[in-house]
Amino acid sequence: YFQQIKQAERLKTTGQLAAAVAHEIRNPLTVVKGFLQFYEQSNEVDTELKKHFHLMVDELNTAEQVISQFLSIAKPAKEKELEPVNIRQVLQSVTDLLHSYGLLHDNQIELQIVEDSYVAANTIEMKQLFINIIKNAIEASNIGDVVVVAASKIKDMVEINIIDYGQGMTEKEIESLGTPFYSLKSKGTGLGMMICFNIAENYKGKISFKSTKGKGTTVTIRFPSLI
Ligand code: ADP
Ligand code: MG
């Protein structure tokens, strides 16, 4: 029990720190984006260069989005408004978004959804939750593997399974998930799963893992169903 309290406090401090950092980073980003947009429209810049400016603005938009989501996560749950989130729509848009990311390693994302289901939550956060977990699945996958994203209603719960056939995890590795900055990747932040646990908890969700080293991982996320 003591362990649990310590974990909760650590999460809170990390959240506050993340919010402060995010806030400080957002301002310079906005300035740089403003200049890039100016040059993108300027007559003195040639077309080829303008394409580059456009790409840079796109990337900055992504960075801004990530930061906004970070800030929204740092906010206590009671300040947030609940809305009916259509899980099918969220998974559809997230898999569309990650399609090209998967193609980098020749991974296809296979969506298996037979019915609509709704969860009382926040759409942006739900997207962030699934983006993080599906990204992990792609990053763990071998070249050419498929990643399966399935959702179904089971009694009064909505269950989402994200299945990969990649590197898998040991019991110990599973236990470390959600610890801030825990990452086995050379370019990982080790914040993804912490964010996911946080979001799931906000909406009475539970995340569980079944994994075999060298064989793959199934991440199961369950939320109370709205209807
Ligand atoms: P990051 O992706 O930045 O490393 P995460 O919090 O998202 O941080 O994940 C933490 C670690 O958990 C990863 O570095 C990886 O070792 C492990 N992990 C997460 N998901 C999977 C998965 N589907 N298969 C294997 N390992 C995973
Ligand atoms: Mg990750």
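## A tour from Asp106 to the shell of ligand 1

Begin by selecting Asp106, which is exposed, with 11 other C-beta atoms within 10 Å, a count that falls in the exposed class because that class takes in residues with 12 or fewer such neighbours. Keep in mind from the outset that the structure on the screen is a predicted model. Asp106 sits in the loop that joins helix 3 to strand 2 (108-113), and the phi angle of Asp106 is near 60°, a positive value in a residue other than glycine. As background for this stop, most residues other than glycine have a negative phi.

**The whole chain**

Before going further, zoom out and colour the chain by secondary structure, which shows six helices and seven strands. Followed from the N terminus, these elements come in the order α-α-β-α-β-β-α-β-β-α-α-β-β. If you then colour by burial, the buried residues amount to 23% of the 227 residues in the chain. Among the contacts in the chain with a separation of 6 or more, 72% are between residues 24 or more positions apart.

**Helix 3 against helix 4**

Next, select residues 87-103, which form helix 3, together with helix 4; the two pack at an angle of about 40°, and their axes are 10 Å apart. Viewed as a pair, helix 3 passes helix 4 in a right-handed crossing. On the helix 3 side, the residues to show as sticks are Val90, Leu91, Ser93, Val94, Leu97, Leu98, Tyr101 and Gly102, and on the helix 4 side they are Thr123, Met126, Lys127, Phe130, Ile131, Ile134, Lys135 and Ile138. Sorted by class, the residues of this contact comprise 11 nonpolar, three polar and two charged. As you look along the helices, it helps to recall that an α-helix has 3.6 residues a turn, so residues three or four places apart point the same way.

While helix 4 is on the screen, pick out Glu139, which belongs to this helix. Glu139 is partly exposed, with 17 other C-beta atoms within 10 Å. A distance drawn from Glu139 to Asn107 reads 9.6 Å between C-alpha atoms, although 32 residues separate the two in sequence.

**Helix 4 against helix 6**

Now hide helix 3 and bring in helix 6, so that you can examine another contact of helix 4. The axes of helix 4 and helix 6 come within 9 Å and cross at roughly 140°, and the two helices are therefore oblique to each other. Here helix 4 passes helix 6 in a left-handed crossing. Helix 4 brings Glu125, Gln128, Leu129, Asn132, Ile133 and Asn136 to the contact, while helix 6 brings Gly192, Ile195, Cys196, Ile199 and Ala200. By class, the contact of helix 4 with helix 6 holds six nonpolar, four polar and one charged residues.

Stay with helix 6 (residues 192-202) and ask which of its residues are buried. The buried ones are Gly192, Met193, Met194, Ile195, Cys196 and Ile199, and of these Gly192, Ile195, Cys196 and Ile199 are also listed in the contact with helix 4. Moving just past the end of helix 6, select Lys204, where phi takes a positive value of about 60°.

**The shell around ligand 1**

Centre the view on ligand 1 and display the 21 residues that surround it, of which the closest are Ala140, Ser183, Gly188, Gly192 and Met193. Two elements, helix 4 (123-140) and helix 6, each give two or more residues to this shell, and helix 4 gives the most, with four residues. Taken by class, the shell around ligand 1 has eight nonpolar, 11 polar and two charged residues.

From here, step to Phe181, which lies in the loop between helix 5 (171-176) and helix 6. Is Phe181 buried or exposed? With 10 C-beta neighbours inside 10 Å, Phe181 counts as exposed, and its phi is near 70°, again a positive value in a residue other than glycine.

**A last stop in strand 7**

Finish by selecting Thr218, placed in strand 7 (residues 216-224). Thr218 has 16 C-beta neighbours inside 10 Å and so counts as partly exposed. Setting aside neighbours within four places in sequence, you will find Thr218 in contact with Asn161, Ile163 and Lys210. For a sense of scale, draw a line from the C-alpha atom of Thr218 to that of Leu29, which spans 37 Å between residues that are 189 positions apart along the chain.

Conventions: Residues are numbered from 1 along each chain as its sequence is written. Chains are lettered from A and ligands numbered from 1 in the order in which they are written. This is a predicted model: local features need pLDDT of at least 70, side-chain atom pairs count only at pLDDT 80 or more; totals for chains, interfaces and linings use all residues. A residue is buried if 20 or more other C-beta atoms lie within 10 Å of its own, exposed if 12 or fewer, and partly exposed in between; C-beta atoms are placed from the backbone. A residue is near a molecule or strand if its C-beta atom, placed from the backbone, lies within 6 Å of it. Ala, Val, Leu, Ile, Met, Phe, Trp, Tyr, Cys and Pro count as nonpolar, Asp, Glu, Lys and Arg as charged, and the others, Gly among them, as polar. Axes are lines fitted to C-alpha atoms, for helices over the stretch in contact, and angles run from 0 to 180 degrees between N-to-C directions. A crossing is left-handed if the near helix is turned anticlockwise from the far one by less than a right angle, and right-handed if clockwise. Two residues are in contact if their C-beta atoms, placed from the backbone, lie within 7 Å. Angles under 35 degrees count as roughly parallel, over 145 as roughly antiparallel, 65 to 115 as roughly perpendicular and the rest as oblique.
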